[in-house]
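Grab a pencil and open the viewer. Below are some short exercises, each with a solution you can follow step by step.

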Amino acid sequence: MGRLGALLLLLGALGALADICNIPEVDSSLVQTLGQRLLPWMDQLSLEHLNPSIYVGLRLSSVEASTKEAFYLHSLKVDYQQSLLRHAPSDDNTDLQAKPSMGQLALYMLALKANCEFIGGHKGDRLVSLLKRFLEDEKRSIGHDHKGQPHTSYYQYGLSILALCVHQKRVHDSVVGKLLYAVEHDHHLHRGHLSVDTVAVAGLAFTCLQRSNLNSDLRHRITLAIRTAQEKVLKAQTPEGYFGNVYSTPLALQLLMTSPMPGAELGTACLNARAALLASLQDGAFQNALMISQLLPVLNHKSYVDLISPDCLAPRVTLEPATVTPSPMQVPEFIHVMLKVPSVWPPYRHSISVPAGSSLEEVLMKAQELGGFMYGTQASLSGPYLTSVMGKEVGEREFWQLIRAPDTPLQQGIADYRPKDGETIELRLVTW
Ligand code: B12
């Protein structure tokens, strides 16, 4: 090879290297502030509030909640083991929709692995077979022709394959095949609308299968699907730098960080995403515990795929509870929020007055207190999920969408979103 050839080869190699998604270290005090926000959530130990994602996020981060963390895992174990008894295998009428859901069981399995625990024994086998049963049920719901939809979502489907995979538990090729098909034909993932979070989780599941050499007959399709998932995520980058939106960016980065991508501007895309995330952190966009738990691993250069062989001895900085400086008592300023529900009869439309800084949930509470408005919620890992409005419960594949008028879907739930004075919020019953 001549000198020119060697030079071209070197340049080519450098080009390929540049396609790594590398997230340069962020200020450690920023990471600690995020970690501190999780601490109050770790005091809530009822099944409704226990959140395995918080544990996973912390274990893959550079910070630790010392004794609280071990106690939290213990509480997770007690509650999840108890609920597993409710899913007794002898019971033919097992309600597969009962709590915890398929995705929650998957997150619980990730939490166990984050503590370097290998699933085994009677209890472990039961957990694995239940998750496999959930997946088989979902596979049937999708159907031979891929025309149906999972009862839960492709997000939970991907999360479950990932959880079994990090424990080196093999699922049938036909189960993986459904997720492969969904990524290859992405309108199946989210009814025509690409959900970056869902594609990212699917990509992480495939990456785990590839690294663990599971489902080796599908190796070629899996490799292609990882690339497809990465490309879809990259294509969803917004001018500000987010992949999808601010809240899908952490999972998107987890995926992009796991595998280099020759021939794409991966490095620059990731640096732009990092800059956008840092700006949103300054704006206080990350208050939600679930969102923080998906972001913390990224800030420590880790992804869920690292749970294949987690480093449980890695030193982490102990979190101290944040010191709260009491703010001087002020007479609250009141704001007006227009609350609208056009899809009921008679349509509801009222101006609600609440103290400035109130959450949308507080607006809904106030409206209910005033009369003529009713709503109901269900606890979820992301916080309270709005399930009924004016007595109208959501049906199969329906949800109450939160919209800022005229037509902007909110990127936060009712507990986190804080409307501004004069805003109109619409609650719209839609299918997904
Ligand atoms: C699937 C999904 C949906 C489905 C849920 C239905 C279903 N059967 O699965 C649909 C499309 C209906 C949906 C709706 C909404 N979603 Co959504 N959703 C997701 C997704 C992709 C996966 C959730 C999941 O299964 N988690 C795993 C399981 C194990 O956890 P879980 O707690 O048991 O799951 C339940 C809750 O997550 C709940 N849920 C789904 N979305 C949201 C959003 C909020 C704020 C809450 C409180 C609950 C909730 O539905 C799940 C199934 O029961 C996440 C992505 C992510 N990164 O987490 C976004 C995500 C959680 N959703 C989000 C948002 C903003 C919403 C909406 C508020 C959008 C809107 N403008 O109306 C609404 C919720 C409105 C309401 N009624 O309260 C954001 C939340 C960001 C944040 N700051 O917290 C995320 C992170 C997506 C994103 N990148 O923007 N969602």
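**Exercise 1. Find a backbone atom that sits by a nitrogen atom of the ligand, and say how far apart the two are.**

Solution. Start at Leu 410: one of its backbone N or O atoms lies 2.8 Å from a nitrogen atom of the ligand. Keep in mind as you go that this is a predicted model. Next, look at which elements give two or more residues to the shell around the ligand: the helices α5 (102–114), α7 (154–166), α9 (196–212) and α13 (289–299), plus the strands β6 (383–389) and β8 (398–404).

**Exercise 2. Describe the rest of the ligand's surroundings: how many residues surround the ligand, and how do they divide by class?**

Solution. Step one is the head count: 33 residues surround the ligand. The closest ones are Gln 104, Asp 197, Asn 245, Leu 381 and Leu 410. Step two is to sort the shell by class, which gives 15 nonpolar, 17 polar and 1 charged residues. Step three is to pick out two other backbone partners. A polar backbone atom of Leu 402 is 2.8 Å from an oxygen atom of the ligand, while a polar backbone atom of Ser 248 is 3.3 Å from a ligand nitrogen atom.

**Exercise 3. Work out which domains the protein has and which of them the ligand shell draws on.**

Solution. First, the domain assignment gives domain 1 as 27–84 + 101–318, and domain 2 as 334–431. Their C-alpha centres lie 29 Å apart. Now go back to the ligand: its shell draws at least three residues from each of domain 1 and domain 2.

**Exercise 4. Describe the interface of domain 1 and domain 2: how much area is buried, and which polar links cross it?**

Solution. Begin with the area. The two domains bury about 1,000 Å² between them, and 47% of that is on carbon and sulfur atoms. On the side of domain 1 that touches domain 2, the residues divide into 8 nonpolar, 7 polar and 2 charged. Then hunt for links across the interface: the rule finds 0 salt bridges, but 6 residue pairs in polar contact turn up.

**Exercise 5. Take the salt bridge of Arg 316 and Glu 64 and explain what parts of the chain it ties together.**

Solution. Check the distance to begin with: the two side chains meet at 3.8 Å, N to O, and the cut-off for a salt bridge is 4 Å. Then locate the partners. Arg 316 lies in the loop between α13 and β2 (317–318) and Glu 64 is in strand β1 (residues 63–64), so the pair ties together parts that are 252 residues apart in sequence. For the whole model, the salt-bridge count comes to 14.

**Exercise 6. Track down some unusual backbone spots: where are Pro 346, Pro 406 and Cys 116?**

Solution. Take the prolines one by one:

- The peptide bond from Trp 345 to Pro 346 is cis, with omega near -5°. Pro 346 is in the loop between β3 (334–341) and β4 (348–355).
- Ala 405 and Pro 406 are also joined by a cis peptide bond, with omega about 10°. You'll find Pro 406 in the loop between β8 and β9 (408–409).

Finish with Cys 116, in the loop between α5 and α6 (121–142). Cys 116 isn't a glycine, yet its phi is positive, about 60°.

Methods
Residues are numbered from 1 along each chain as its sequence is written. This is a predicted model: local features need pLDDT of at least 70, side-chain atom pairs count only at pLDDT 80 or more; totals for chains, interfaces and linings use all residues. Side-chain values use heavy atoms; hydrogens and water are left out. Domain bounds come from an automatic or database domain assignment. Buried area is the accessible area (1.4 Å probe) that two parts lose on being put together, summed over both. A polar contact is a pair of N or O atoms within 3.5 Å; within protein, one must be able to donate a hydrogen and the other to accept it, and residues adjacent in sequence count only if both atoms are side-chain atoms. Ala, Val, Leu, Ile, Met, Phe, Trp, Tyr, Cys and Pro count as nonpolar, Asp, Glu, Lys and Arg as charged, and the others, Gly among them, as polar. A residue is near a molecule or strand if one of its heavy atoms lies within 4 Å of it. Helices (H or I, at least four residues) and strands (E, at least two) are DSSP runs, numbered from the N terminus.
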